[in-house]
Amino acid sequence: MVDVTGRVQVAFTAGEIDPAMVDRTELKYYSAGARRAQNVIFAPQGGFRQRPGLRRLGQVSATARGYIPFVNSAGSSYDLVVSPGSISVRQGASAVATITIPHDTAAKVDTMTNVQQLDTLLLFHPDHPPHRIRQTDSGFLGDVPTLIEIPNYDYGATYSNGVAAVWDIQIITESTNTAFRLQVNEEKTNALVNGTSWADLAAAVQTALLALPSIEPGLTAVHVVDGGINYVRVTFGGAANIGDQWSLSGEVLNVADAAVVAYKRTVGVKPGEPLMSSLRGWPRCGTFYQQRLIMGGMRSLPSAWIASITGDYFRFDQRVTTPAGPMLIPMDLPGNERIERIVGGRSVMIFTSRGNYWLFDRTLSNGTPPVHVKAGTEGIKPGVPVAESEGAAIFVHSGGSIIGEFRYDEVAGNFVPRQLSVLAAHLVNQPRSMALAYAENSQNGNRLVVAQEDGSGLIATLLAEQDVTAFARFVVDRGLIAVGVDGANVITVIKSDSVGRSIQKMDADLLLDDALTVTGGTTANGVTSFSGLSHLNGRVVWAVASDDVFGPLTCAGGVVAVPGVHAAATIGTWSAPIVETLPLPRDVGPRIVRRKKARIHSVVLSLQDTTSIAIRANGGRLWDVPLTRFGMPADVGELT
């Protein structure tokens with residue numbers, strides 16, 4: 001007998017492999033990859049299963065372009081379907097509210113970002129003020145929150161609305177020969193003596209302060225009497241001094257029982273115009289972090305971000321100078337780089353059009369400038385959400401052809417970017433929507449689902465600790481519009497159908513897409529006709545009834561005729577699950593291959609919960625392999 005050898009493929013944890021790697025048999029991922037993977041989900045243990053089908057919940061607007069999950073503070077989950085100018089709020093198969101939004105074009109919906117905290121969702125776009133959607137006792141409401149005390153910013157025009165900071169200095173002493181000096185921020189004056197004349201003292205203080213390097217002409221110091229107490233009142237006037245950047249204090253040099261006390265009488269305000277307005281534009285993105293609302297990427301100041309007062313999300317009053325006060329932070333970025341996404345995680349992560357940054361200081365404190373650490377040059381594609389998986393932020397690179405992650409590395413002490421789609425680079429083609437469903441049991445990994453501009457989709461299994469990154473094609477009839485994951489961790493999609501667009505959810509018990517379970521069919525001549533299926537008109541469909549699968553069938557006039565007598569049927573489209581292995585390696589030694597003719601002569605599969613399978617080998621025809629339970633009668637239902 002001729003000795004026959006073969007190759008065992010025990011895992012598919014690398015998913016579909018880029019065709020450029022077809023002959024790279026020396027790579028460790030070759031033995032765990034597939035030449036093609038469609039409509040399957042790879043398991044961390046190495047195998048794969050058919051992806052769940054999609055159950056149709058209902059028709060949505062023909063212009064629907066986006067999906068946002070909404071989970072209220074009580075844990076109830078809603079689906080928000082976004083169309084230009086409106087949002088349809090849905091729960092299950094029912095629409096419970098319609099909210100008007102100012103984002104009235106497809107381009108605005110596609111680049112809009114959002115963030116939710118408890119019962120409040122905020123929508124961001126640089127052409128519109130942040131728009132708020134709330135669930136209240138009277139239902140869902142949409143409005144524009146009032147941003148209180150938006151700080152001024154100098155955009156280069158001529159302004160006259162600045163306010164000079166005013167400080168009062170009191171000398172507490174019984175001596176007329178008390179020596180002291182003043183400190184402004186980190187700079188100290190020469191020694192001064194109080195003397196006998198407050199007017200002379202005020203003049204000396206003015207001279208000493210103007211001598212400091214950081215103070216420009218315009219500062220004044222005068223003697224005032226308030227409530228019978230003498231003060232030297234310092235006004236930080238002058239165009240270059242206007243604002244609240246000053247801290248004034250004093251110390252006595254020669255008398256033990258004397259003191260210099262400084263009081264801020266008036267909080268300074270920089271001249272300028274509101275940072276955000278209908279003229280200057282609004283933030284591109286935002287997040288909630290440490291009881292603050294952080295917003296960034298303003299249209300006229302795209303490289304800056306602003307944080308609210310702690311515990312007061314919509315107040316930005318710069319007169320609050322405590323550590324909990326607001327912060328306006330311009331980043332040191334080139335002129336053509338803008339903030340696109342801000343994500344709160346282990347640290348605040350800031351994704352721009354050309355780079356990835358994180359804040360070294362995890363605690364935000366007014367008065368302490370944050371340190372921006374640049375950890376990548378990939379940038380992020382506008383409008384595509386950031387997904388979070390195992391502590392990493394997953395994002396689409398600015399070019400739209402790479403899906404990557406941004407993960408903190410304890411050894412490096414830095415966030416490290418990594419390409420997730422490098423092995424499946426041929427599959428990524430301008431993602432427009434992305435979300436992640438978390439593993440629910442030991443048989444699953446996290447599942448990343450992606451909808452792309454051309455209607456194609458991807459579904460990937462991610463498990464970083466086990467080195468599992470397995471991409472597969474997510475193929476549906478008529479194409480995907482948007483994807484998301486709802487509050488119950490169920491993958492939700494918006495897709496095209498025969499009558500427009502619909503919202504559908506993955507169902508582990510389904511084999512079909514666009515699926516509806518219908519009852520009350522009409523039986524005649526051994527055929528049951530089910531109606532109410534206009535979304536399937538003109539399409540090839542399949543039916544699951546009485547534990548059997550029937551098809552292919554054609555839907556006409558919203559009616560599908562199913563052979564046999566059935567009380568109910570689940571009817572929808574079917575996209576075949578396909579896995580094609582990579583070419584068998586011919587290596588017989590290090591850098592030695594054998595190229596003699598060979599063929600696959602047999603296939604051994606390990607199957608579980610499978611009722612049918614088709615196999616093709618050696619470029620031949622596709623063979624349907626019947627699977628029956630040993631000893632079972634042949635006429636039982638196919639799915640029993």
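User: Let's start with Ser-83. Which residues is Ser-83 in contact with, leaving aside its neighbours within four places in sequence?
Analyst: This is a predicted model, so keep in mind that we're reading a prediction. Ser-83 sits in strand β7, which covers residues 77-83. Once you skip the neighbours within four places in sequence, the contacts of Ser-83 are Ser-61, Thr-63, Ala-64, Ile-101, His-103 and Val-109.

User: And is Ser-83 buried or exposed?
Analyst: The cut-off to remember is that buried means under 20% relative accessible area. Ser-83 has a relative accessible area of 4%, so Ser-83 is buried.

User: Let's zoom out. How many helices and strands does the chain have?
Analyst: Scroll along the chain and you'll keep running into strands. The secondary structure comes to two helices and 54 strands.

User: Why is the chain called more spread out than a compact globule?
Analyst: For 640 residues, the globule rule gives 26 Å. The C-alpha trace spans about 115 × 65 × 40 Å along its principal axes. The chain counts as more spread out than a compact globule because its radius of gyration is well over the rule's value, at 34 Å.

User: What share of the residues is buried?
Analyst: On the surface side, the chain exposes about 30200 Å², and carbon and sulfur atoms supply 51% of that. Out of the 640 residues, the buried share is 45%.

User: Among contacts between residues at least 6 apart in sequence, what share joins residues at least 24 apart?
Analyst: Here we count just the contacts between residues at least 6 apart in sequence. Of those, the share joining residues at least 24 apart is 55%.

User: How far apart are the centres of the positive and negative side chains?
Analyst: The chain has 53 positive side chains and 57 negative ones. Take the centre of each set, and the two centres lie apart by 8 Å.

User: On to the rings. What kind of aromatic pair do Phe-12 and Phe-48 form?
Analyst: The chain's count comes to 18 aromatic pairs. For Phe-12 and Phe-48, the rings are 5.4 Å centre to centre, with 85° between the planes. Planes over 60 degrees apart get one particular label, and for Phe-12 and Phe-48 that label is edge-to-face.

User: How many residues apart in sequence are the parts that Phe-12 and Phe-48 tie together?
Analyst: Phe-12 is buried at 11% relative accessible area, while Phe-48 is partly exposed at 40%. Phe-12 lies in the segment before β1 (15-16) and Phe-48 in strand β4 (residues 48-50), so the pair ties together parts whose separation in sequence is 36 residues.

User: Which strands do Phe-70 and Phe-140 lie in?
Analyst: Phe-70 and Phe-140 form an edge-to-face pair, 5.4 Å centre to centre and with 70° between the planes. Both of these residues are buried. The pair ties together parts that are 70 residues apart in sequence, because Phe-70 and Phe-140 lie in strands β6 (residues 66-71) and β13 (residues 139-143).

User: Which residues form one aromatic cluster?
Analyst: Look for Phe, Trp and Tyr together in this one. The members are Phe-351, Trp-358, Phe-360, Phe-395, Phe-406, Tyr-408 and Phe-415.

User: How far apart in space are Ser-300 and Trp-282, C-alpha to C-alpha?
Analyst: Ser-300 is in the loop between β25 (292-296) and β26 (304-307). Ser-300 is partly exposed, at 28% relative accessible area, and its contacts beyond four places in sequence are Tyr-155 and Arg-280. Ser-300 and Trp-282 are 18 residues apart in sequence, and their C-alpha to C-alpha distance is 8.1 Å.

User: What about Ser-496: buried or exposed?
Analyst: Ser-496 lies in strand β41 (residues 491-497). Among the residues it touches are Asp-477, Arg-501 and Asp-514. Its relative accessibility is 15%, so Ser-496 counts as buried.

User: Which residues does a cis peptide bond join?
Analyst: The second partner is found in strand β47, residues 548-554. Omega is about 0° for this bond, and the two residues are Gly-551 and Pro-552.

User: What is the phi of Asn-618?
Analyst: Asn-618 lies in the loop between β53 (612-615) and β54 (623-626), and it is partly exposed at 48%. Asn-185, in the loop between β16 (179-184) and β17 (187-188), has a positive phi near 55°. Asn-618 is not a glycine, yet its phi is positive, at about 60°.

Methods: Residues are numbered from 1 along each chain as its sequence is written. This is a predicted model: local features need pLDDT of at least 70, side-chain atom pairs count only at pLDDT 80 or more; totals for chains, interfaces and linings use all residues. Side-chain values use heavy atoms; hydrogens and water are left out. Helices (H or I, at least four residues) and strands (E, at least two) are DSSP runs, numbered from the N terminus. The radius of gyration is taken over C-alpha atoms; the globule rule is 2.2 Å times the number of residues to the power 0.38. Buried means under 20% relative accessible area, exposed over 50%, partly exposed in between (1.4 Å probe, protein chains only). Contact means heavy atoms within 4.5 Å. Accessible areas come from the Shrake-Rupley method with a 1.4 Å probe; for residues, only the protein chains shown count as cover. Lys and Arg count as positive and Asp and Glu as negative; His and the chain ends are not counted. The place of a charge is taken as NZ of Lys, CZ of Arg, CG of Asp or CD of Glu. Rings of Phe, Tyr and Trp (its six-membered ring) pair if their centres lie within 6.5 Å; planes under 30 degrees apart count as stacked, over 60 as edge-to-face and the rest as tilted.
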